[in-house]
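New to this one? Have a look around the fold, and then we'll walk through a few spots together.

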Amino acid sequence: MEARALTLGAAVTALVLLVVFYYPVATVFVDAVFVEGRLTVEPIVSVLTSRFYLVDIFGFTAYQALLSTIASVLLGLPGAWILSRFEFPGRETLRSLTILPFVMPSIMVAIGFVATFGRNGTLNAVLGALGLPPVELLFTIEAIVIAHAFYNAPLVARVTTAAWESVDASAVETARSLGASPTRAFRDVVLPQLLPAVAIGATLTFVFTFASFPIVLALGGFQLATVEVFIYSRIQNLAYAEAAALAVVETAISVGLTYWYLRYEGRNRGSGQGARPQPRQSLWPDSWTAKATGSRVAIIGYGLVVLAVFVGPIASMVLTSLTGPQGLTLDHYLFLLERQQTGASYQVRPLPAIANSLRFGVGTLLVAVPMGVVVAVLTTREFRGRAAIDTLAMAPFAVSGIVVGLGLLRGLVFGVDAFGTRLQVTGAIAVVAAHAVGAYPFVTRNVAPLLGNLDPRLVESARSLGASRVRALVDIELPLVAAGVVAGAAFVFAISIGEFDSTVVLAEGSTSYTMPVAVERYLGRRLGPATAMGCILLAVTSLSFVIIERFGGRYGGRGGF
């Protein structure tokens, strides 16, 4: 039984994936080729041959994703340069903060950008105080691109910083000793080692922004609809065949890009291991040469941009939640209390939304963490077909929440006949299923690198002392990667609390709407209560992430994504 434990865990994980991911997604594919009971490719052909779909919808989606990727790379690379090449107090803390966008609910960030760039937002208030004319950035592509850069520039900075710190100082010193200038040494030695990391960050950014939903919905609306927003509008209009056809094409593009990313990451994984990193410079130079002064001025300028892009929207959301026409006020929070006490059953009330988010988060933890660990173990073993299994297991990473939500809605929520019985999965179970398949890849991506970098001699020693392969895994390997498991759990819980895409499709009244759904509902009516609910969502998300991270401290700190 012990020898078959890993096989059993893999089988259970595969069954869960089959039931709550592949079957629902297959349902979407079936809806795209079966119309009124007959097999047809007409919906997909109409998408692929329609100028409206190809140019206006997919073309605009790819265009904004490309602009968002360029903006994220341009904003993230200077951050990687500062974090990898300079030493200053708080550097490690600042580097850790690059993980925050992954746990910030996207609908909350969208609210922050509305509070910043809206007609009566913080930006126009500052411009008015300076005697400058107001600007209107809401419902423009610029607002969407800046918001996407908020999320993805830290990702680019994070992966590029890790690559920069893996550059062996000896190689740079050798190039310099052979007469290369600092610029030539950077171009010939350092840059080739950074480009793979930049490519990985850019690819992930493109995948994420191509499938972006709440940010585009809040900041662009239906007049700047991407594929995700248009699929959502088709679901609202009960045009399931059209929505399914769009989802099929979008999923094919996303899965293809994700497969390329996994292959490229696999080829570059482990590069730079054991390298002696280059020494960092002090942020305060010993002598203020022209070069040193110029670089420090650039760092200050970059810091101001970072404050505007990353701190500004969150600060604006908090400020808007505490202000009104007469100045500082708690009226928006009092509105939430009043809604809780007097709201009708069909209205969104804050306490059920908070309770639902927390219980869905716990349920998602119980499902996603074991799945993620099992997949991490499988994908770090040497066997034929490992790359294919890695891609199949990481498919939820590429398939958007809207597509998963649509599949669950059309499959398990509407019900399926099996062996003469009508099987249905609704309410909380459906939401947890959607959250779990979207979150477990983050556990895998935290645990797999740690497992892959373990010294195989540790396992060999345990095996030589009589331990089975599974016993060595449980007693040796998993304790050494516990930090990655805890970091993955922190991701899972925070992602579940902030998940909006599939939840807005599956939520059924007060029994399953969550805090992000409540924020979106309030935003459609009044900005003040929406920002107040957004601040509550921020507090709950941050607190849950900190608690799990602190709990994980006893296991040796954070894992890495």
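## Before we start

A quick bit of vocabulary: a polar contact is a pair of N or O atoms within 3.5 Å, and within protein one of the two must be able to donate a hydrogen and the other to accept it. Also keep in mind that what you're looking at is a predicted model.

## The big picture

The protein's secondary structure comes to 26 helices and 8 strands. Out of its 561 residues, 53% count as buried.

How do the contacts spread along the chain? Taking contacts between residues at least 6 apart in sequence, 78% of them join residues at least 24 apart.

## Thr503 and its partner

Let's put that vocabulary to work on Thr503, which sits in helix α24, residues 501-506. Its side chain makes a polar contact with the side chain of His435, at 2.8 Å.

Is Thr503 buried or exposed? Buried means under 20% relative accessible area, and Thr503 comes in at 1%, so it counts as buried. Leaving out residues up to four places away in sequence, Thr503 touches Val431, His435, Ser512, Thr514 and Val517.

## A helix tucked away

Next up is helix α6, which runs over residues 106-117. From its first C-alpha to its last, this 12-residue helix reaches 16 Å, close to the 16 Å expected at 1.5 Å a residue.

How many residues of α6 are buried? The count is 12 of the 12, so the helix is largely enclosed by the rest of the structure. Among them are Ser106, Met108, Gly112, Phe113 and Phe117.

## Leu67, partly in view

Now hop over to Leu67, in helix α3, residues 51-85. Its relative accessibility is 26%, so Leu67 counts as partly exposed.

Which residues does Leu67 touch, not counting those up to four places away in sequence? They are Ile141 and Val145. Leu67 also pairs up nicely with His148 for a sense of folding: the two are 81 residues apart in sequence, but 9.5 Å apart in space, C-alpha to C-alpha.

## Two helices that cross

Last stop: a pair of packed helices. Such pairs are described by the angle between their axes and the distance between the axes. Helix α9 (residues 169-177) and helix α10 (residues 182-210) pack at about 135°, and their axes are 9 Å apart. Angles over 145 degrees would count as roughly antiparallel and those from 65 to 115 as roughly perpendicular, and α9 and α10 are therefore oblique to each other.

The crossing of α9 and α10 is right-handed. On the α9 side, Ala171, Val172, Ala175 and Arg176 make the contact, while α10 brings in Pro182, Ala185, Val189 and Val190.

Conventions: Residues numbered from 1 in each chain as written. Predicted model: local features only at pLDDT ≥ 70, side-chain atom pairs only at ≥ 80, totals over all residues. Heavy atoms only, no water. Helix = DSSP H or I, 4+ residues; strand = E, 2+ residues; numbered from the N terminus. Buried < 20%, exposed > 50% of the residue type's maximum accessible area, 1.4 Å probe, protein only. Contact = heavy atoms within 4.5 Å. Expected span 1.5 Å × (residues − 1). Axes fitted to C-alpha atoms, helices over the stretch in contact; angles between N-to-C directions. Parallel < 35°, antiparallel > 145°, perpendicular 65-115°, else oblique. Left-handed = near helix turned anticlockwise from the far one by under 90°.
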